[in-house]
Amino acid sequence: KDSPMPRSRTEAMLSGCTVLSSKYHNADEFIEHGVNGFIVPDNPLSYADAIHNLLNYCYRDCVEIGQKGKATAQKYFNIDRFLDDLEYLITEVAKGNKPIYKGNKIW
């Protein structure tokens, strides 16, 4: 079964690795193709072809893209944002309100 947000992708981004991901699990909300990672069609040959091309022809660009991905992950997947979302959720539930969700984010 799929996870709601693959942790391995987040960990790779936080490590500065260039990430290839499908559009699923809201990846297209924070990965801009070719800027801070890559959105790849959901089939193994697409991944293999992309990895081959990136490693052999665009390695230096991948290092820069990985660093931009790291900055993106630090912005979106940090403890302060998590705690703010958790506080909002608890407060709304305690008030008897229904929290407003957009994608996988609480608003």
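Me: How much area does the protein expose, and what share of it do carbon and sulfur atoms supply?
Reply: Happy to start there. This is a predicted model, and the protein in it exposes about 7,600 Å², with carbon and sulfur atoms supplying 56% of that area.

Me: What elements does the protein have, and in what order do they run?
Reply: There are four helices and four strands. Starting at the N terminus, the order is α-β-β-α-α-α-β-β. Of the contacts between residues at least 6 apart in sequence, 42% join residues at least 24 apart.

Me: What makes Glu92 count as buried or exposed?
Reply: Its relative accessibility is 13%. Buried means under 20%, so Glu92 counts as buried. Across the protein, buried residues make up 29% of the 107 residues.

Me: How do you know that Glu92 forms a salt bridge with Lys95?
Reply: The closest N and O atoms of Glu92 and Lys95 are 3.9 Å apart. The cut-off is 4 Å, so the pair qualifies as a salt bridge. Both residues lie in helix 4, three residues apart, which is about one turn of the helix. Lys95 has a relative accessibility of 56%, and the limit for exposed is over 50%, so Lys95 counts as exposed.

Me: What other salt bridges are there, and why do they get that name?
Reply: A search of the whole structure finds three salt bridges. Lys68 pairs with Glu64, with the closest N and O atoms 3.2 Å apart. Arg81 pairs with Asp85, with a distance of 3.3 Å between the closest N and O atoms. Each distance is within 4 Å, so each pair earns the name. Lys68 and Glu64 are four residues apart in helix 3 (residues 59-76), while Arg81 and Asp85 are four residues apart in helix 4.

Me: Why is Asp85 called buried and Arg81 partly exposed?
Reply: Asp85 has a relative accessible area of 17%, under the 20% limit, so Asp85 is buried. Arg81 is at 27%, in between 20% and 50%, so Arg81 is partly exposed.

Me: How do you know whether Cys58 is bonded or not bonded to another cysteine?
Reply: The closest cysteine sulfur to that of Cys58 is in Cys62, 6.1 Å away. A disulfide needs sulfur atoms within 2.5 Å, so this pair is too far for a bond. By this rule the protein has zero disulfides. Cys58 is partly exposed at 28% relative accessibility, and Cys17 is partly exposed at 40%.

Me: What makes Phe82 eligible for a nonpolar surface patch?
Reply: Phe82 has a relative accessible area of 49%. Patch residues need over 30%, so Phe82 passes on accessibility. Phe82 makes the patch together with Ile79, Leu83, Leu86 and Ile90, and the patch covers about 480 Å². Phe82 sits in helix 4 (residues 79-95). Its 49% is not over 50%, so Phe82 is called partly exposed.

Me: Which residues make up the largest nonpolar core, and what is Ile31 in contact with?
Reply: The largest nonpolar core has six residues: Met13, Val19, Ala27, Phe30, Ile31 and Ala73. Leaving aside neighbours within four places in sequence, Ile31 is in contact with Arg9, Met13, Val19, Ser21, Asn36, Gly37, Phe38 and Ile39. Apart from that core lies another one, of five residues, including Val40, Leu54, Cys62 and Ile65.

Conventions: Residues are numbered from 1 along each chain as its sequence is written. This is a predicted model: local features need pLDDT of at least 70, side-chain atom pairs count only at pLDDT 80 or more; totals for chains, interfaces and linings use all residues. Side-chain values use heavy atoms; hydrogens and water are left out. Patches are made of residues with over 30% relative accessible area and no salt bridge: like charges are joined within 9 Å, nonpolar side chains (Val, Leu, Ile, Met, Phe, Trp, Tyr) within 5 Å. Accessible areas come from the Shrake-Rupley method with a 1.4 Å probe; for residues, only the protein chains shown count as cover. A salt bridge is a side-chain nitrogen of Lys or Arg within 4 Å of a carboxyl oxygen of Asp or Glu. Helices (H or I, at least four residues) and strands (E, at least two) are DSSP runs, numbered from the N terminus. Buried means under 20% relative accessible area, exposed over 50%, partly exposed in between (1.4 Å probe, protein chains only). A nonpolar core is a set of buried Ala, Val, Leu, Ile, Met, Phe, Trp, Tyr and Cys residues joined through side-chain atoms within 4.5 Å. Contact means heavy atoms within 4.5 Å.
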